[in-house]
Amino acid sequence: MRFVSPLLKHAVYPALHHSGWLDRITPPGGYAVVNYHGVVPSDHSEPEVFLDGNLVQPEVLRQQLQFLKGHYELIHPDDFRAWVEQGKALPPRAILLTCDDGLLNTLTDMLPVLQSEGVSCMFFVTGASCRNNPGMLWYEELYRLMRIRTLNSLETQLPPEAGPSPVADTFQSRWWSTVRRASRLNAKERSDWMAAVRSEFGAKKNFGSEKRWRLLSIAELGLLADAGMSIGAHTQSHPVLSLCNDEETQREIHESKSELERTLGRPVWAFAYPFGNPATMGERELRLAREAGFACAFLNVEHWGAGPPSPFALPRIHVTANTTLPEFAAHLSGLHIRLQRAMGS
Ligand SMILES: [Zn+2]
């Protein structure tokens, strides 16, 4: 949802939204899946604009949920499962809510909004949330550390870029290149490398709000599940899967299912690809998700190639901090993706 033309965002979508026209269109396929990455917790006082772009304010989440309740049919994740596995019909204009990564704020700040609006959500978490000390998402921690200063010799310990080196002329592109290179390590090597980076930067850094940066621990994950929320898998360590070798990709996907099932004591039937766009995954990942025994798997984009729809490439609407309500309505109705396709982008 990042590349919306200003004309659509600020003129066309608001006009269509206010006319009520968007809210009468049925989403492509009859349903839509909305994806969040958590909310901005109340004690997050040091914004990191780029990374925070995936989070929404709690009051914006509430406004979006109320809009969905007024114009669509919010379903329970189990209804979605029954549709995928048994072909049981979804209600017209069905909406499934999902949320990726399992940051602590999903429990402390997002769950209360969901509960007060009486809606269910499917949370996709990594293997880190099966532990007592889950830490941060490694690529967010890396971003924060690289903000302090360059990695210098630690960077040279990483494998080179898999293909031609992309132009890295901004901080974000240099960071993303480092994320890609570190994704070529296996999970143990990456964890060791991150430990070396941490130690090079001195004492444990305090990045401010724990609710913003830390992942759910095993006990906190249990609280989210006990509150009636559904839990799905999101790999063990959130690498760029397309840069992992076959064995590591299979392990990341398979073990995220088996470890979560052991932890929760219930089947884990859905998977969400980390980053979830064509630059970070492909047909191999779709096949491995199916072979792992998931009923379905979710992207983080609204369109996946040509060919018939696959339950292992389910599109989602990615809500960001900048998503306005008219834009949200345009994505839900399917108008946005239809226009993008018509414009060939
Ligand atoms: Zn993720």
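# Exercises on a predicted model

Buried residues make up 56% of the 345 residues in this protein. The model is a predicted one. Each exercise below has a worked solution.

## Exercise 1. Overall build

Task: count the helices and strands of the protein, then judge its compactness from the radius of gyration.

Solution.
- Step 1. There are 15 helices and eight strands.
- Step 2. The radius of gyration is 20 Å. The globule rule gives 20 Å for 345 residues, so the protein is as compact as a globular protein of that length.
- Step 3. Along the principal axes, the C-alpha atoms fill a box of roughly 55 × 45 × 45 Å.
- Step 4. Turn to contacts with a separation of 6 or more. Residues 24 or more positions apart account for 76% of them.

## Exercise 2. Surface and charge

Task: state what share of the accessible surface belongs to carbon and sulfur atoms, and how far apart the centres of the positive and negative side chains lie.

Solution.
- Step 1. The accessible surface comes to about 15,000 Å². Carbon and sulfur atoms hold 53% of that surface.
- Step 2. The protein carries 34 positive and 37 negative side chains.
- Step 3. The centres of these two sets are 2 Å apart.

## Exercise 3. Aromatic pairs

Task: classify the ring pairs F67–Y72 and Y139–F275 from their geometry.

Solution.
- Step 1. The structure holds 17 aromatic pairs.
- Step 2. For F67 and Y72, the ring centres are 6.4 Å apart and the planes meet at 55°; this pair is tilted. Both F67 and Y72 are buried.
- Step 3. For Y139 and F275, the centres are 5.0 Å apart. Their planes are at 55°, so this pair is tilted. The class follows because planes under 30 degrees apart count as stacked, over 60 as edge-to-face, and the rest as tilted.
- Step 4. Place the second pair on the chain. Y139 belongs to helix α6 (residues 138-148), while F275 sits in the loop between β6 (270-272) and α13 (283-291). The two are 136 residues apart, and the pair links distant parts of the chain.
- Step 5. Y139 and F275 are buried.
- Step 6. Y139 and F275 belong to one aromatic cluster, together with F50, W138, Y143, F171, W175 and W176.

## Exercise 4. Two loop residues

Task: decide whether L299 and H76 are buried or partly exposed, and list what each touches beyond four places in sequence.

Solution.
- Step 1. L299 lies in the loop between β7 (296-298) and β8 (317-318). Its relative accessibility is 0%, so L299 counts as buried.
- Step 2. L299 touches Y273, G276, M281, W304, A313, L314, P315 and R316, leaving aside residues up to four places away.
- Step 3. Y143 is 156 residues from L299 along the chain; their C-alpha atoms are separated by 23 Å.
- Step 4. H76 lies in the loop between β2 (73-74) and α4 (77-86). With a relative accessible area of 27%, H76 is partly exposed.
- Step 5. Leaving aside residues up to four places away, H76 touches S120, G228 and S230.
- Step 6. L216 is 140 residues from H76 in sequence and 22 Å from it in space, C-alpha to C-alpha.

## Exercise 5. A buried arginine

Task: locate R144, then find its burial and contacts.

Solution.
- Step 1. R144 is in helix α6.
- Step 2. Its relative accessibility is 10%; the cut-off for buried is under 20%, so R144 counts as buried.
- Step 3. R144 touches E46, E48, L51, M136, F207 and W213, again not counting residues up to four places away.

## Exercise 6. Positive phi

Task: give the phi values of N152 and H238, and place both residues.

Solution.
- Step 1. N152 has phi near 50°, a positive value in a residue other than glycine. N152 is in the loop between α6 and α7 (153-156).
- Step 2. H238 is not a glycine, yet its phi is positive, about 55°. H238 is in the loop between β5 (230-233) and α12 (246-264).
- Step 3. H238 is buried, at 2% relative accessible area.

## Exercise 7. Helix α15

Task: name the buried residues of α15 and the helices they pack against.

Solution.
- Step 1. Helix α15 spans residues 335-342, and L335, H336 and I337 are buried there.
- Step 2. The buried residues of α15 pack against α1 (6-19) and α14 (325-333).
- Step 3. Just after α15, G344 takes a positive phi of about 70°.

How values were computed:
Residues numbered from 1 in each chain as written. Predicted model: local features only at pLDDT ≥ 70, side-chain atom pairs only at ≥ 80, totals over all residues. Heavy atoms only, no water. Helix = DSSP H or I, 4+ residues; strand = E, 2+ residues; numbered from the N terminus. Rg over C-alpha atoms; globule rule 2.2 N^0.38 Å. Buried < 20%, exposed > 50% of the residue type's maximum accessible area, 1.4 Å probe, protein only. Contact = heavy atoms within 4.5 Å. Areas by Shrake-Rupley, 256 points an atom, 1.4 Å probe, with all protein chains shown as cover. Lys, Arg positive; Asp, Glu negative; His and termini not counted. Charge placed at Lys NZ, Arg CZ, Asp CG, Glu CD. Phe/Tyr/Trp six-rings, centres within 6.5 Å; stacked < 30°, edge-to-face > 60°.
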